[in-house]
Amino acid sequence: MALNESMLEEFGLAPLWVRRGMTARDGQGDAVAAQAEEPLQSMREDANDERRAEPVPESASEPLRVSSADTPPPQAQGESAARVDEPAARREAASPRPDASASPNFDAPPEDDFAWFDDPNASVPAPAEARREAPALPAIHTLDWDALAERVAGCEACRLCEKRTNTVFGVGDREADWMLIGEAPGENEDRQGEPFVGQAGKLLDNMLRSLALARGTNVYIANVIKCRPPGNRNPQPDEVARCEPYLQRQVSLVKPKLIVALGRFAAQSLLKTEDSISSLRGRVHTYEGVPVIVTYHPAYLLRSLPDKAKAWADLCLARATWLANGGAPSNESK
Ligand code: URA
């Protein structure tokens, strides 16, 4: 009985195979058992091919479980789930053999209590019912500042929640004309829960000062991604997609007159483009109806001093755009 039982479950064939296998074991159905084994053999090969093509999950060493969306989660299956995982030998020893004189009847329910037979009386909640039990959270675009900050702090919408120390929500004047948007928290930001607190943040503060701006006074700073990607890897598209509603809500609450996208990643994420940063600089784009200026990331400028002059030109364009969009120099810090 080399066939992996969990694979049989994967294909929904466990009851069929077990019944046929039992008949064969009792010397009454060798032909039937052979028939049953034949398609399963080819499925076994197909399934192996398919699994090779899939990315290996962290839990790859665990046995395959039924993964159909219609299948209740293990905890919902209660006792029967635990019994399905028992070694086959124990299960076999505990189960009465069918009467050898009885003729095989594949449509009738078996005369034993194998855990894996469908029990029409079992009270397993349907997945839709189980989902209904969790109260729906209010939509992100309806949240006020406090509710939004709380939602981000408890967010588990993607894998980045697993390794973060803190979420990094945003900082500054929630009614600012200027909104600066970076990529994602780094190590320092993850530790302190505030954007741009490392060396790049110091440079950013200096750049802002040259425009009579400051993060505590007339600027709001946030990131596209609210949790640190492990090892500072690039955020993945699904992580950006799951985090974007938070940024969209921040923008709609701040109502800035201008957004500055800091670096290639922020620019490409906001503008939904793969164009290079050099082709995006020097023009006015829009995000959620707000004018956007693209400039280099301060961390890049720390390594590439010649591009600081270009960044200064970007900030001048940003200021002109802000003034053209109703910005008043009286809002600048003295
Ligand atoms: N880089 C970013 O893009 N954001 C931060 O908050 C820190 C570094």
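In this predicted model, strands β2 (residues 178-182) and β4 (residues 258-262) run parallel and are joined by four bridges. One residue pair to look up here is W178, whose bridge partner in β4 is L258.

Zooming out, β2 and β4 belong to an open sheet of six strands with mixed pairing, in the order β1-β3-β2-β4-β6-β5. The edges of this sheet are β1 (171-172) and β5 (285-287), each of which pairs on one side only.

Two helices lie across parts of the sheet. Helix α11 (residues 237-254) crosses β2, β3 (219-223), β4, β5 and β6 (290-295), and runs at about 165 degrees to β2. Helix α15 (residues 308-324) lies across β2, β4 and β6, at about 170 degrees to β6.

Now to the ligand. Around the ligand you will find G182, E183, A184, E189, P195, F196, N223 and H297. By class, this shell divides into three nonpolar, three polar and two charged residues. Three polar contacts to the ligand are listed below.

| Residue | Protein atom | Ligand atom | Distance |
|---|---|---|---|
| A184 | backbone N or O | nitrogen | 3.1 Å |
| F196 | polar backbone atom | oxygen | 3.0 Å |
| N223 | side-chain N or O | nitrogen | 2.8 Å |

As for cover, the ligand taken alone exposes 240 Å², and the protein buries 90% of that area.

Sheet and ligand shell also share residues: G182 is among the residues around the ligand and falls within the 178-182 span of β2. Likewise, N223 is in the ligand shell and falls within the 219-223 span of β3.

Methods
Residues numbered from 1 in each chain as written. Predicted model: local features only at pLDDT ≥ 70, side-chain atom pairs only at ≥ 80, totals over all residues. Heavy atoms only, no water. Near = heavy atom within 4 Å. Polar contact = N/O pair within 3.5 Å; in protein donor to acceptor, adjacent residues only side chain to side chain. Areas by Shrake-Rupley, 256 points an atom, 1.4 Å probe, with all protein chains shown as cover. Nonpolar A, V, L, I, M, F, W, Y, C, P; charged D, E, K, R; others polar. Pairing = 2+ DSSP bridges. Contact = heavy atoms within 4.5 Å. Axes fitted to C-alpha atoms, helices over the stretch in contact; angles between N-to-C directions.
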